[in-house]
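Hi there,

Here is the structure I promised to pass on to you. Have a look at it first, and then read my notes below.

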Amino acid sequence: MGSKEINREPQPPKDLWPTLTEALSRIDLTEAWKNGLASLETQGRPYYGYGTRVDDDYGPNRSPGYALGRYQMRKPGLRDAGMLDGERWTGKYGINSEEEFMNNPAVQEAALKDLTVKIEEYIKKGGLDKKVGKAIESDQGKLDLSYSKLVAAIHNQGIGATRDYLRWVEDNGWDSRGKINSIENGARRNAFNGIEERLRKFPDVPYKE
């Protein structure tokens with residue numbers, strides 16, 4: 001098991017597609033929130049992380065995965081953003097390959113916005129917004145569940161794992177101390193630890209303008 005990282009300089013096209021220009025005008029995520037996300041995903045990488053690809057090897061029984069760009073978007077996130085249909089690039093914003101996505105910081109910004117729109121739909125549909133404001137007692141101290149941190153956690157671990165975690169921790173009285181590492185299912189245990197790490201590390205900043 002391990003990972004391989006590639007950093008390269010983006011080579012953006014000279015002209016933006018009209019649909020991309022319109023999409024960029026609709027970005028209402030705060031710079032503080034986007035920078036907070038990037039600080040946990042690609043801080044210290046060259047070119048602000050836009051040219052960063054990380055390949056993960058999950059072992060012999062799982063397929064390797066990758067995370068792309070400044071915000072380390074994975075296949076599920078790229079699908080939710082409309083950039084991928086299954087394994088195929090959709091042509092959204094004129095992007096037909098990983099290389100084109102990696103070369104275009106503007107597309108990465110628009111794709112992040114599109115992903116957060118989908119995440120907001122998941123939050124509302126699942127009633128997770130009703131959990132905002134809760135304080136979770138964890139082994140690392142109190143974790144405050146703000147909307148900003150909730151979106152960041154879903155970006156990192158996915159809606160399924162985050163929804164599962166919130167149900168689990170609510171059933172445990174919003175107290176996870178000494179409990180997560182006793183979970184037998186390794187994938188679930190790792191996801192829950194990842195969610196709590198994201199809630200702990202993500203800065204308490206406004207989500208939208």
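In which sense, left-handed or right-handed, does helix α1 pass helix α5? Before the reply, please keep in mind that this is a predicted model. The crossing of α1 and α5 is left-handed.

**Two pairs of helices**

Let me stay with that pair for a moment. A packed pair of helices is described by two things, the angle between the axes and the distance between them. Helix α1 covers residues 18-25 and helix α5 covers residues 105-125; their axes come within 9 Å and cross at roughly 55°. That angle makes α1 oblique to α5. If you want to find the meeting place on your screen, look for L20, A23 and L24 on the α1 side, and for A106, V107, E109 and A110 on the α5 side. Sorted by class, the residues of this contact are six nonpolar, no polar and one charged.

Now turn to α7 and α8. Their axes lie 10 Å apart, and the packing angle is about 85°. These two helices are therefore roughly perpendicular to each other. From α7, the residues that make the contact are A161, T162, D164, Y165 and W168, while α8 brings R188, A191, F192, I195, E196 and L199. Here the classes come out as seven nonpolar, one polar and three charged.

**A helix that is mostly covered**

How many of the eleven residues of helix α6 are buried? Eight of them are, so α6 (residues 147-157) is largely enclosed by the rest of the structure. The buried ones are S148, K149, L150, V151, A152, A153, I154 and H155. Their cover includes helices α2 (31-41), α5, α7 (159-171) and α8 (186-201), together with strand β7 (141-144). Just after α6 comes G158, which has a positive phi, near 95°.

**Salt bridges**

Side chains that carry opposite charges can pair when their charged atoms come close. Over the whole structure, a search finds 21 salt bridges. Here are a few that you could look up:

- R53 and D55 are joined through their side chains, with 2.5 Å from N to O. R53 is buried, at a relative accessible area of 17%, and D55 is buried too, at 16%.
- K75 pairs with E87, and their closest N and O atoms are 2.8 Å apart. K75 sits in helix α3 (residues 75-80) and E87 in the loop between β4 (84-85) and β5 (88-89), so this bridge ties together parts that are twelve residues apart in sequence. K75 is partly exposed, with 23% relative accessible area, whereas E87 counts as exposed at 56%.
- R177 and D175 also meet in a salt bridge, at 2.6 Å from N to O. R177 is partly exposed at 44% relative accessibility, but D175 is buried at 16%.

There is also a network: D28, K113, E120 and K208 are linked by salt bridges.

**A leucine in α3**

Is L78 buried or exposed? With a relative accessible area of 0%, L78 is buried. This leucine lies in helix α3. Apart from neighbours within four places in sequence, L78 is in contact with Y66, L68, M73, M83, L84, W89 and F101. You can also trace the way from L78 to V107: they are 29 residues apart along the chain, and their C-alpha atoms are separated by 11 Å. You have met V107 already, as one of the α5 residues that touch α1.

**Two backbone angles to look at**

Most residues other than glycine have a negative phi. With that in mind, look at Y47, which is not a glycine but has a positive phi of about 60°. Y47 lies in the loop between α2 and β2 (52-57), and it is partly exposed, at 39% relative accessibility. W174 is not a glycine either, and its phi is positive as well, about 60°. W174 is found in the loop between α7 and α8. At 12% relative accessibility, W174 counts as buried.

Enjoy exploring, and send me your questions whenever you like.

Best wishes

Methods. Residues are numbered from 1 along each chain as its sequence is written. This is a predicted model: local features need pLDDT of at least 70, side-chain atom pairs count only at pLDDT 80 or more; totals for chains, interfaces and linings use all residues. Side-chain values use heavy atoms; hydrogens and water are left out. Axes are lines fitted to C-alpha atoms, for helices over the stretch in contact, and angles run from 0 to 180 degrees between N-to-C directions. Helices (H or I, at least four residues) and strands (E, at least two) are DSSP runs, numbered from the N terminus. Angles under 35 degrees count as roughly parallel, over 145 as roughly antiparallel, 65 to 115 as roughly perpendicular and the rest as oblique. A crossing is left-handed if the near helix is turned anticlockwise from the far one by less than a right angle, and right-handed if clockwise. Contact means heavy atoms within 4.5 Å. Ala, Val, Leu, Ile, Met, Phe, Trp, Tyr, Cys and Pro count as nonpolar, Asp, Glu, Lys and Arg as charged, and the others, Gly among them, as polar. A salt bridge is a side-chain nitrogen of Lys or Arg within 4 Å of a carboxyl oxygen of Asp or Glu. Buried means under 20% relative accessible area, exposed over 50%, partly exposed in between (1.4 Å probe, protein chains only).
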